[in-house]
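Student: Hi! Could you walk me through this structure, one bit at a time?
Tutor: Happy to. Here it is.

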Amino acid sequence: MRTRLVTRTSRRLTLTDAGRSYVTACKRILEDIAEAERAAAGEYIAPRGDLMITAPIVFGRVHVLPVAIEFLKAYPDIDIRVVLADRVINLQEDDVDLAVRIG
């Protein structure tokens, strides 16, 4: 098959439509391989890792903490850190995974 994947000029390379389709298909295949390797390694047997949650103080004590405790019973390999504060926390700077806000 002689399908052109790249158009080359003296100044640059650009993908053709067939080239873009090929790259997309290759990325999908690589993602599938990575997924299969993770499954084979047992990565999905039980969730694990860190989870940072923030919520307002009173709402967090009454509603978020009981749910977090039940969650930990079901998934003991997850470390949860709950930050209860009535101020708005910068989610990116503080590496917050979940913010519960009420208004």
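**Loops, helices and charges**

Tutor: Let's start with Asp-95, which is found in the loop between β4 (78–84) and β5 (98–99). Before we go on, this is a predicted model: local features need pLDDT of at least 70, side-chain atom pairs count only at pLDDT 80 or more, and totals for chains, interfaces and linings use all residues. Residues are numbered from 1 along each chain as its sequence is written, and side-chain values use heavy atoms, with hydrogens and water left out.

Student: What do labels like β4 stand for?
Tutor: Helices (H or I, at least four residues) and strands (E, at least two) are DSSP runs, numbered from the N terminus.

Student: OK, back to Asp-95: is it buried or exposed?
Tutor: Asp-95 counts as exposed because its relative accessible area is 58%. The cut-offs are under 20% for buried, over 50% for exposed and partly exposed in between (1.4 Å probe, protein chains only). The areas themselves come from the Shrake-Rupley method with a 1.4 Å probe, and for residues only the protein chains shown count as cover.

Student: What is the phi of Asp-95?
Tutor: Asp-95 has a positive phi of about 55°, although it is not a glycine. Gly-42, which follows α1, has a positive phi too, near 85°.

Student: Which residues gather with Asp-95 in the patch of negative charge?
Tutor: On the surface, Asp-95 is joined by Asp-50, Asp-77, Asp-79, Glu-93, Asp-94 and Asp-97. Patches are made of residues with over 30% relative accessible area and no salt bridge; like charges are joined within 9 Å, and nonpolar side chains (Val, Leu, Ile, Met, Phe, Trp, Tyr) within 5 Å. Asp and Glu count as negative, Lys and Arg as positive, while His and the chain ends are not counted. The place of a charge is taken as NZ of Lys, CZ of Arg, CG of Asp or CD of Glu.

Student: And which residues make the nonpolar patch?
Tutor: Leu-5, Val-6, Leu-13, Leu-15, Tyr-22 and Val-23 make a nonpolar surface patch of about 500 Å². At least two of its residues come from β2 (13–15), and at least two from α1. Leu-13 is in strand β2, and with a relative accessible area of 58% Leu-13 is exposed.

Student: Switching topic! How many salt bridges does the structure hold?
Tutor: There are three. A salt bridge here is a side-chain nitrogen of Lys or Arg within 4 Å of a carboxyl oxygen of Asp or Glu.

Student: Why would such side chains pair?
Tutor: Side chains of opposite charge can pair when their charged atoms come close. One salt bridge joins the side chains of Arg-20 and Asp-17, at 2.3 Å from N to O. These two are three residues apart in helix α1, so about one helical turn separates Arg-20 and Asp-17. Asp-17 is exposed at 56%, whereas Arg-20 is partly exposed at 42%.

Student: What about Arg-38?
Tutor: The side chain of Arg-38 meets that of Glu-35 in a salt bridge (3.0 Å, N to O). Both lie in helix α1, three residues apart, about one turn of the helix. Arg-38 is partly exposed at 28%, and Glu-35 is partly exposed at 37%.

Student: Where do Glu-70 and Lys-73 lie?
Tutor: Glu-70 and Lys-73 are in helix α2 (residues 57–74), three residues apart, so about one helical turn lies between them. Their side chains form a salt bridge at 3.1 Å, N to O. Lys-73 is exposed at 59%, while Glu-70 is partly exposed at 48%.

Student: How far apart are the end C-alpha atoms of helix α1?
Tutor: They are 35 Å apart, which agrees with the 34 Å that the 24 residues of α1 (residues 17–40) should span at 1.5 Å a residue. The expected span is 1.5 Å times one less than the number of residues in the helix.

Student: Last one: is Thr-54 buried or exposed?
Tutor: Thr-54 counts as buried, because its relative accessibility is 0%. Thr-54 lies in strand β3 (residues 49–55). Thr-54 and Val-88 are 34 residues apart in sequence and 9.2 Å apart in space, C-alpha to C-alpha. Leu-51 is in strand β3 as well, and Leu-51 is partly exposed at 23% relative accessibility.
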